[in-house]
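Open your viewer and keep the selection box handy. We will walk through the model one stop at a time.

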Amino acid sequence: MRLLDRYEEIVGHLEVERLRRLAERLAGKRIVHVNSTRSGGGVAEILGWMVPLLQELGINARWEVIAGPPDFYRVTKAFHNGLQGLPVSLRKRDFDLHYEVNRENAQRLNLEADIVFVHDPQPIYLPQFTPPGQVARWIWRCHIDASHPDRGIWKYLETAISRYAAAIFSMPAFARPLACPMFLILPSIDPLSDKNCAIPEAERLETLSRLGLDPERPLLLQVSRFDRFKDPLGVIEAYRLLQPYYSEMQLALAGGPADDDPEGAEVLREVLDRAGGDANLKVLMLPPDAHRTINALQRSATVVLQKSLKEGFGLTVTEALWKSKPVIGGACGGIALQVHDYHTGFLVHSPAGAAYRIHYLLRYADKRQRMGQTGHVFVREHFLLTRNLRDYLTMLLCLDHPEATAIVV
Amino acid sequence: MQVTEPFCVMDCSLVRCATGRVCSNLRELSEAICSVPDAVLEHHMMRCALEDHFELHEFPNDLARWCWTGLGDNVLGEQLGLIDPYRQPSTSALRAALVNVLEERLWGLAYVPWSRPGLELHLVQSRLIAYDTGERIVTPAALLEAVERMSPRSLFYHVHDARRRTAGQSDDFSRWLEQCGAEARLVTALRAIDFYFLNLSQLRQALVDAFGRYVAEAPPVARIAP
């Protein structure tokens, strides 16, 4: 069975057939994706499915990975933080190191292509060192929120971006004004991945049992890092407001270890402190690869929360909706694109608001179920990787017609 | 019996582009609508239907929706929801209609409504790629059958975008049927569908209903041209 056939079972024959039709117009196009790691992290995860699917669609797609000394990754981590607006202090020699590593990689990598997608800032200076004519078009794919970057970092990166034909951001709010076209491609989830695929009922129950959760009682769930912007304390407050009404209710706050993040460790301490000895409130520290555990938790939840105060796109919301769960989300970022009042869940602005909406959803099982079904369809139509792929193909076709807003190909 | 070309089923796909322009309050929206490129208006008033969020919302365009949910200005949301861009003779006429409503609203307000942080309106434009699916239809009955299963994006292209291409006069289905010599009542019924206020699923149903009333008893009217 071909890769796309597996998605056909989920999104339907027509969607996949139309992807093939669209891709026919790009057959044989040489495309290279460049990033900084083959495994680990969201970008590697995306390229892991995108490159084989592009190949299956008849596009000559390849994936190259830059290499550098450990110090290079310290610098690029600072770039990452700086792009997201955190103050960073880098010296001239740090910028020189980044520049030099890009020069070495431009010589080492096979970048001959019609289009090269450069993902995030690590390989951003490659166009500077590639012989003219080797690459027809460079496209910068920025996966991070670059709307309010550190000025010094942005000045350095902006010089590199001037060589790109286009940039791609995940959401308009993440974009930074640039001279080149700024395409918008929303993130997506893979319905066949460990985190999102159907799992056996026995595995789900075994997971709950292992985590000390009762499958027979209502479960509220928030999956996110222990970060103030995710407002785990607000979730606990909402849960506490409802305890007098639902004494059987359980709350699980699932996140990863925060050893490398001093503030995360502090937030975790506060969360544990606030949780106290409440046997119905579980603070779950899960390893980064606990995808099936998260899958089982999301499938077991009665209501999923993502009560963020500030958020990127919020893929945990997408994951929960895909599993037919209504979501109560903070009214910010990409959550507002996914959570629609009375349709897929509720947007809230306070712990009291979250408590009120949880109360509503626990009270009306039929509405909960209907919202869950709507959420599942909504994600199928808008936030699966087939849509993501279609957006990329469309954007590639648009590049040949820079001025037109409607093109027949 | 008339000879005509078969109906060519198209599909389309849209990609959005950021403009860098953000509105946090009604005054900013009003100023933006005066000056943004036509493509921005077309996206937020027409092409937003292709994203099919309307199924989840009450309003047929992004501007009405944002005024209702982002600004909390329900009156303005209702007024903008009533502006049908396909009934405007041009994009400049559409712009003038929008500006008129926005300025009138601003004129009468004691304060300028603001959106909550995080719910600002990011103005975007879009590019639409249309492509031949390879499917050809030769009879009205086959067209009905095709409408029942074609993608929502095909429906958008053959109805919404067709109106844009023909300056509001016709959708592709009724135009082809007219060329085929199909019953005038069917052509009229299809053109009478108030497509702007339907989401794409509702539009499909409206088309099927209109076809259903006439196709069953109609004789075959088309054959493929040599």
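How many residues of domain 1 of chain A are in contact with domain 2 of chain A? Keep that in mind while you set up the view. Note that this is a predicted model.

**Stop 1: the two domains of chain A**

Select residues 3–187 together with 385–399 of chain A; the domain assignment calls this domain 1. Now select 201–382 of chain A, which is domain 2 in that assignment. Colour each one. Their centres, taken over C-alpha atoms, lie 31 Å apart. Now for the opening question: eight residues of domain 1 of chain A are in contact with seven residues of domain 2 of chain A. The domain 1 side of this contact has five nonpolar residues, one polar and two charged.

**Stop 2: a covered strand**

Next, select residues 113–119 of chain A, strand E3. Is this strand mostly covered or mostly open? It is mostly covered, with six of its seven residues buried. Add residues 30–35 of chain A, strand E1. E1(A) runs parallel to E3(A), and four bridges join them. Find A:Ile31 and look across to A:Ile115 in E3(A), which stands opposite. Then add residues 135–141 of chain A, strand E4. E4(A) also pairs with E3(A) in the parallel sense, over six bridges. Here A:Phe117 faces A:Ile139 in E4(A) as its opposite residue. Turn the view and follow the side chains. In a regular strand, they alternate between the two faces of the sheet.

**Stop 3: two crossing helices**

Select 201–211 of chain A, helix H7, and 291–300 of chain A, helix H10. They pack at an angle of about 95°, and their axes are 9 Å apart. Angles of 65 to 115 degrees count as roughly perpendicular, so H7(A) is roughly perpendicular to H10(A). Show side chains at the contact. From H7(A), pick A:Glu203, A:Arg204, A:Thr207 and A:Leu208. They meet A:Thr293, A:Ala296, A:Leu297, A:Arg299 and A:Ser300 in H10(A). By class, this contact has three nonpolar, three polar and three charged residues.

**Stop 4: where the chains meet**

Bring chain B into view. Here 25 residues of chain B are in contact with 33 residues of chain A. Select 7–23 and 121–137 of chain B, strands E2 and E3; each supplies at least two residues to the side that touches chain A. Which element of chain B gives the most to that side? E3(B) does, with 10 residues. The whole side divides into 12 nonpolar, eight polar and five charged residues.

Finish with residues 406–408 of chain A, strand E13. Three bridges join E13(A) to E3(B), and the two run parallel. Centre on A:Ile407: B:Ile129 in E3(B) stands opposite.

Methods: Residues are numbered from 1 along each chain as its sequence is written. Chains are lettered from A and ligands numbered from 1 in the order in which they are written. This is a predicted model: local features need pLDDT of at least 70, side-chain atom pairs count only at pLDDT 80 or more; totals for chains, interfaces and linings use all residues. Two residues are in contact if their C-beta atoms, placed from the backbone, lie within 7 Å. Ala, Val, Leu, Ile, Met, Phe, Trp, Tyr, Cys and Pro count as nonpolar, Asp, Glu, Lys and Arg as charged, and the others, Gly among them, as polar. Two strands pair if DSSP finds at least two bridges between them. A residue is buried if 20 or more other C-beta atoms lie within 10 Å of its own, exposed if 12 or fewer, and partly exposed in between; C-beta atoms are placed from the backbone. Axes are lines fitted to C-alpha atoms, for helices over the stretch in contact, and angles run from 0 to 180 degrees between N-to-C directions. Angles under 35 degrees count as roughly parallel, over 145 as roughly antiparallel, 65 to 115 as roughly perpendicular and the rest as oblique. Domain bounds come from an automatic or database domain assignment.
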